[in-house]
Amino acid sequence: MEQVVLVRYGEIMLKGLNRRSFVERLASNIRRAVSAVGLAHIEMAQGRIFIEPREKDYDLGEAVMKVKNVFGVVSASVAFKTGKSRSDIAMAAEAAARAYMAANRPLARSGLNVPVGPNVPVGPSISGEPLPPSGEYAFKVETKRADKTYDRVSPVISKEAGDDLLAALPGLVVDVNNPQFIVYIEVRERAAYAYTDRVAGFGGLPLGSNGKAILLLSGGIDSPVAGFMMAKRGVEIEAAHFHSYPYTSERSKDKAIMLSEALAGYFGAFHLNIVPFTDVQLAIRDNCAEEFSTIVMRRAMIHIAGILARRESAQALVTGESMGQVASQTMQSLAVTDCAVDMPIFRPLIGMDKNEVISAARSIGTYNISILPYEDCCTVFTPKHPKTKPRLDEALYQESRIEGLSGLLGAAAEGVERLRISPGGH
């Protein structure tokens with residue numbers, strides 16, 4: 001009997017004839033995510049992906065923590081892999097139950113059922129293992145018989161395993177309605193598996209299965225969440241941050257790098273392009289009517305991001321804009337902005353309010369970085385009364401007043417500082 005990580009995926013199952021390519025992409029992303037944990041074999045079989053250690057001290061709990069952040073993964077478990085005889089399944093179920101009991105307090109004698117303890121207890125071997133602390137642990141067994149040629153159906157397997165657990169571990173009591181823990185058994189073609197915990201992933205589609213896009217990454221709360229949401233739909237992300245030194249400090253650049261490092265925990269290694277935007281912003285300030293400066297600046301950013309996208313073989317842009325949140329995000333402003341580039345602009349936050357975005361930012365670990373008090377280029381040269389319902393002809397007229405604008409935009413795109421960002425540092 002050995003321990004493995006059992007990985008489940010969901011939406012990919014609906015992909016029909018294309019399913020295998022999605023699963024292979026997911027397996028490749030999982031392999032990359034757990035590569036630092038140690039040597040392991042990745043296997044795809046019967047709607048599951050298995051991580052089988054090839055090193056004695058392989059940290060299965062760490063592998064689960066990395067796998068859960070891989071887009072496409074619904075959940076993952078540390079499981080005991082065994083044969084398919086009743087005695088083999090009983091041994092694996094006992095090992096899984098012991099692992100849970102060793103990591104969690106028993107039920108109080110009052111009968112209160114309060115699960116406690118870590119999500120991913122990695123169980124010890126049952127060989128010579130003393131009994132867990134005394135007390136009542138309410139449990140039940142659930143079985144999935146993926147091998148339809150197996151000679152016993154799921155309810156029978158569950159009953160047999162439950163009976164064997166009750167005989168082997170004093171202190172267990174059956175409670176099918178309100179168990180403290182569940183022993184899950186999966187009988188598959190090559191082996192059977194037993195486990196007690198399912199660590200939830202984010203689901204979605206495997207990163208890189210749905211094209212590539214440039215994320216306009218500010219120092220705010222919204223854009224990191226937007227990038228995360230598009231990556232969850234399988235889009236490979238590259239980021240562009242617009243930096244107006246000395247009007248924005250080096251700390252604002254460092255903040256963009258910190259946000260990128262946080263996102264790299266989900267994206268894997270990716271590139272952050274630091275765009276020198278000072279000359280463009282000064283030209284807009286000096287030549288455009290103040291009320292139009294925001295929309296012209298936004299169009300300039302989109303134009304430069306489009307140049308980067310074509311250079312890096314990306315097919316779209318991603319922004320953190322939400323309908324009506326600020327002057328540049330009214331319906332009229334967004335329509336004028338879209339005309340600055342000939343590719344799709346995805347805005348996954350468009351119908352979300354600020355509280356929803358903040359909640360999402362907290363959940364992915366970017367919120368505390370985003371609220372650091374370092375300004376970005378969107379907060380400098382801000383007009384007192386920006387135009388909220390601009391027309392395209394008005395924006396084009398303002399841009400025509402900037403001599404050499406095309407050259408300025410091209411120079412900004414050529415002058416990017418391109419950083420490779422990896423989880424934990426670039």
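Which helices are included in what covers the buried residues of H12? In this predicted model, the cover includes helix H8 (293-311), helix H9 (331-338) and helix H13 (405-414). The paragraphs below begin with the protein as a whole and then return to H12 and its surroundings.

The protein contains 13 helices and 15 strands. Taken along the principal axes, its C-alpha atoms fill a box of roughly 85 × 50 × 35 Å. Of its 426 residues, 53% count as buried. Among contacts with a separation of 6 or more, 79% are accounted for by residues 24 or more positions apart.

Helix H12 spans residues 392-400, and within this helix Glu394, Ala395, Gln398 and Glu399 are buried. These four residues lie on the same side of H12, because they cover an arc of only 135° around the axis. The underlying periodicity is a general one: an α-helix has 3.6 residues a turn, so residues three or four places apart point the same way. On the face turned away from the buried side, H12 carries the exposed residues Tyr397 and Ser400.

Two of the helices named in the cover of H12, H8 and H13, also pack against each other. In general, two packed helices are described by the angle between their axes and the distance between the axes. For H8 and H13, the axes come within 9 Å and cross at roughly 50°. The two helices are therefore oblique to each other, an angle of 35 degrees being the limit under which a pair counts as roughly parallel. The crossing of H8 with H13 is right-handed. On the H8 side, the contact involves Ala300, His303, Ile304, Ile307, Leu308 and Arg311, which meet Leu409, Gly410, Ala412, Ala413 and Glu414 in H13. By class, the residues of this contact comprise seven nonpolar, two polar and two charged.

A second helix pair is formed by H5 (residues 222-232) and H6 (residues 250-267), whose axes come within 11 Å and cross at roughly 15°. H5 and H6 are therefore roughly parallel to each other, and their crossing is right-handed. H5 contributes Pro224, Gly227, Phe228 and Ala231 to the contact, while H6 contributes Leu259, Leu263, Tyr266 and Phe267. Seven of the residues in the contact of H5 with H6 are nonpolar and one is polar, with no charged residues.

Helix H6 also holds Lys253. Is this lysine buried or exposed? With a relative accessible area of 13%, Lys253 is buried, because the cut-off for burial is under 20%. Apart from neighbours within four places in sequence, Lys253 is in contact with His241, His243, Ile274 and Glu417.

Ile274 appears again in the surroundings of Gly415: leaving aside neighbours within four places in sequence, Gly415 is in contact with Ile274 and Pro276. Gly415 itself lies in the loop between H13 and strand S15 (417-421). At 43% relative accessibility, this glycine counts as partly exposed. How far apart in space are Gly415 and Asn273, C-alpha to C-alpha? The distance is 9.6 Å, although the two are 142 residues apart in sequence. Ile274 is thus a contact partner of Lys253 and of Gly415, a residue of the loop that follows H13.

Note on methods:
Residues numbered from 1 in each chain as written. Predicted model: local features only at pLDDT ≥ 70, side-chain atom pairs only at ≥ 80, totals over all residues. Heavy atoms only, no water. Axes fitted to C-alpha atoms, helices over the stretch in contact; angles between N-to-C directions. Parallel < 35°, antiparallel > 145°, perpendicular 65-115°, else oblique. Left-handed = near helix turned anticlockwise from the far one by under 90°. Contact = heavy atoms within 4.5 Å. Nonpolar A, V, L, I, M, F, W, Y, C, P; charged D, E, K, R; others polar. Buried < 20%, exposed > 50% of the residue type's maximum accessible area, 1.4 Å probe, protein only. Arc of directions from axis to C-beta.
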